[in-house]
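Q: Please take a close look at the cysteines of this model, and then at one helix and what surrounds it. A connected account would be preferred.

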Amino acid sequence: MDPVKNNQSDSNRIIDKSDTICIVGAGPAGLVMARSLLSKGIPFQVFEKHNDVGGIWDIHNPGSPMYESAHFISSKYLSSYFDFPMPDDYPDYPSNRQILKYHREFAKTFGLYPSIQFNTSISEIKEQDGLWFVETSSKEKYIFGGIVCASGITWSPNQPNLEGENSFTGQILHSVNYKSPDIFRGKRTLIVGAGNSGCDIACDAGANANQAFISVRRGYHFIPKHIFGQPADVFGDGAHWIPNWISQLVFGKLLKLIVGDLTKLGLPAPDHKIFETHPIINDQLIHNLRHGDVIAKPDIQKLEGDSVVFKDGSKEKIDIIILATGYNWSIPYMDQKYFEWKHGRPDLYLTLFNRNFENLYALGYMETDGGAYKMFDEMANLIASYIESKRKSDPSAIRFSKYIKSDTPPLNGNIHYLNTGRHSVYVNQVAYKNYRAKIQKKMGWKELSPGQFHFLKKSNQSSLKSETLPSTGESK
């Protein structure tokens with residue numbers, strides 16, 4: 001069926017938006033991508049399956065991994081967006097409710113709400129003659145000129161099978177279904193996994209359960225949220241000029257001095273140097289372990305009736321198990337042929353650009369060792385600059401397309417990350433920024449600069465005098 005220009009859709013028509021970029025998701029990545037395109041005058045449309053912006057930060061968003069006690073693990077100082085600092089009255093590590101409010105204020109301030117279609121999920125996206133066919137859950141059909149997948153990486157729970165789970169008399173939940181510590185009261189509780197969420201939930205259990213346990217497969221380096229009175233990321237940010245191997249050496253010794261020997265608390269010793277895995281930013285768990293409110297246990301061997309047997313031979317009666325075992329990455333609205341998946345991660349140039357399909361991008365499909373939101377801003381700017389250069393037929397577009405096809409830069413900053421699926425697209429924040437900036441300079445594309453988005457604030461303030469935001473999108 002040929003696309004037709006039309007503002008309304010019915011089952012027999014395809015809406016022609018071939019001059020427009022489709023953004024999937026109105027969470028953090030989708031919002032900064034929208035603002036970047038808006039600032040450059042590039043038409044876009046955002047589709048969001050929920051009834052408001054914020055993505056995972058909205059605990060009421062079905063499938064969100066958020067829980068009542070969740071806080072930012074990066075500080076507000078290094079995680080706010082360009083031209084939109086977090087409020088002065090926010091604490092160093094804002095709560096999930098404050099981060100949600102921050103994103104909704106972001107969308108209002110920069111006039112993004114009118115370009116977002118809420119309560120609309122994507123059923124299918126496929127390539128069609130160099131453009132992109134998009135069908136929504138409401139059966140609308142479109143042709144778009146480009147796609148930015150910004151739907152996030154924490155929507156498909158990784159739930160391992162445990163030996164004996166069919167005979168287990170207790171309750172087993174993945175952490176995506178955990179919302180409130182009320183479920184722990186009067187229970188003996190086991191948390192499986194010592195990632196940042198697992199540690200948080202174990203602390204909730206320590207304060208509310210009859211007894212809490214945490215099963216840890218390998219040793220990790222635990223970084224306190226504050227070091228010498230500063231947020232840990234602010235403290236570390238001042239040392240980015242130091243070579244990484246020196247930082248690993250010095251910071252590793254400093255942690256031993258501040259945190260101590262965690263094997264005395266039942267945790268296994270780390271089998272890697274600091275920074276070689278995603279950092280665990282948590283000191284509350286150590287507090288709970290030292291007070292016996294949480295007891296560390298090794299990996300699970302099997303479940304047996306009302307008990308869990310661990311690999312060291314110990315056995316504990318358990319009423320509820322929370323599997324904080326992470327998420328499988330997916331882009332469910334597109335066939336796997338559109339992305340080259342390696343170790344469960346899409347292989348993308350600079351984690352953004354599809355090497356095989358033109359005008360197909362992804363934002364947010366990476367993990368890093370620092371605050372991601374400033375990086376999202378810079379990444380969105382890079383994507384938008386490339387789109388803009390193509391629209392203007394600038395020679396830089398051709399040069400950059402060659403980089404997309406063949407450039408494979410190391411982005412680990414000479415840190416040897418563990419050989420796991422999670423770390424296959426893990427990037428060192430400083431190494432990534434330096435390389436991206438170098439390529440961007442070669443292309444002649446401008447870096448973000450303070451104040452460049454202020455004109456959007458002014459134009460939005462003017463428009464709001466005569467318009468009201470859609471009721472489905474306005475935060476209460």
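A: A residue is termed buried when its relative accessible area is under 20% and exposed when that area is over 50%. In this predicted model, Cys 149 falls in the buried class because its relative accessible area is 0%. The closest cysteine sulfur to that of Cys 149 belongs to Cys 22, at 8.3 Å, which is too far for a bond. Cys 199 is likewise counted as buried, with a relative accessibility of 0%. The sulfur of Cys 199 has its closest cysteine sulfur in Cys 203, at 6.9 Å, and this separation is also too far for a bond. A disulfide requires two cysteine sulfur atoms within 2.5 Å, and by this rule the count is 0 disulfides.

The helix chosen for inspection is helix 8, which comprises the 12 residues 395-406. At 1.5 Å a residue it should span 16 Å, and the 18 Å between its end C-alpha atoms agrees with this expectation. Its buried residues include Ser 396, Ala 397, Phe 400 and Ile 404. These cover an arc of only 95 degrees around the axis and therefore lie on the same side of helix 8. In an α-helix there are 3.6 residues a turn, so residues three or four places apart point the same way. Turned away from the buried side of helix 8 is a face carrying the exposed residues Pro 395, Ile 398, Lys 402, Lys 405 and Ser 406. The cover over the buried residues of helix 8 includes helix 7 (372-391) and helix 9 (429-443).

Conventions: Residues are numbered from 1 along each chain as its sequence is written. This is a predicted model: local features need pLDDT of at least 70, side-chain atom pairs count only at pLDDT 80 or more; totals for chains, interfaces and linings use all residues. Side-chain values use heavy atoms; hydrogens and water are left out. Buried means under 20% relative accessible area, exposed over 50%, partly exposed in between (1.4 Å probe, protein chains only). Helices (H or I, at least four residues) and strands (E, at least two) are DSSP runs, numbered from the N terminus. The expected span of a helix is 1.5 Å times one less than its number of residues. The arc is that of the directions from the helix axis to the C-beta atoms. Contact means heavy atoms within 4.5 Å.
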